[in-house]
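Work through the exercises below with the sequence and the structure at hand. Each task is followed by a stepwise solution.

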Amino acid sequence: MALEVIVDGVPMPEADARAFWQRFSAYMDEHKGDLAGFAISEGFASVVPETGRSGARLRVSRTAPQPAYANAKDGK
């Protein structure tokens, strides 16, 4: 299963995306539902989990506001 990270529409390189996902998972284990806190800790405005055809995806933005925490959307 792929673990993608898309930053402002640009896919992050695979090795960087895996490391980002590891930090995301560790942060979320400690801070349940705190997407905004994780985004800020990484220098971003928002992070949104999605599911896609190839696997899990984090859609990250430097400018888009953080939406409320919700179940992952199907980002196809």
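**Exercise 1.** List the residues in contact with V47, leaving aside its neighbours within four places in sequence.

Solution.
- Step 1: In this predicted model, the contacts of V47 include L35, F38 and A39.
- Step 2: V47 is also in contact with L58, R59, V60 and Q66, which completes the list.

**Exercise 2.** Place V47 in the chain and decide whether V47 is buried or exposed.

Solution.
- Step 1: Strand 3, residues 46-52, holds V47.
- Step 2: The relative accessibility of V47 is 1%.
- Step 3: Buried means under 20%, so V47 counts as buried.
- Step 4: For a distance along with this, take F24, 23 residues apart from V47 along the chain; their C-alpha atoms are separated by 9.6 Å.

**Exercise 3.** Do the same for Y69: where is Y69 found, is Y69 buried or exposed, and which residues does Y69 touch?

Solution.
- Step 1: Y69 lies in the loop between strand 4 (55-61) and strand 5 (73-74).
- Step 2: Its relative accessible area is 52%; the cut-off for exposed is over 50%, so Y69 is exposed.
- Step 3: Not counting residues up to four places away in sequence, Y69 touches M28, G33 and L35.
- Step 4: K32 is 37 residues apart from Y69 along the chain, with 9.9 Å between the C-alpha atoms.

**Exercise 4.** Describe the protein chain as a whole: which elements does the chain have, and in what order do they run?

Solution.
- Step 1: The chain has two helices and five strands.
- Step 2: From the N terminus on, the order is β-β-α-α-β-β-β.
- Step 3: Of its 76 residues, 34% count as buried.

Terms used:
Residues numbered from 1 in each chain as written. Predicted model: local features only at pLDDT ≥ 70, side-chain atom pairs only at ≥ 80, totals over all residues. Heavy atoms only, no water. Helix = DSSP H or I, 4+ residues; strand = E, 2+ residues; numbered from the N terminus. Buried < 20%, exposed > 50% of the residue type's maximum accessible area, 1.4 Å probe, protein only. Contact = heavy atoms within 4.5 Å.
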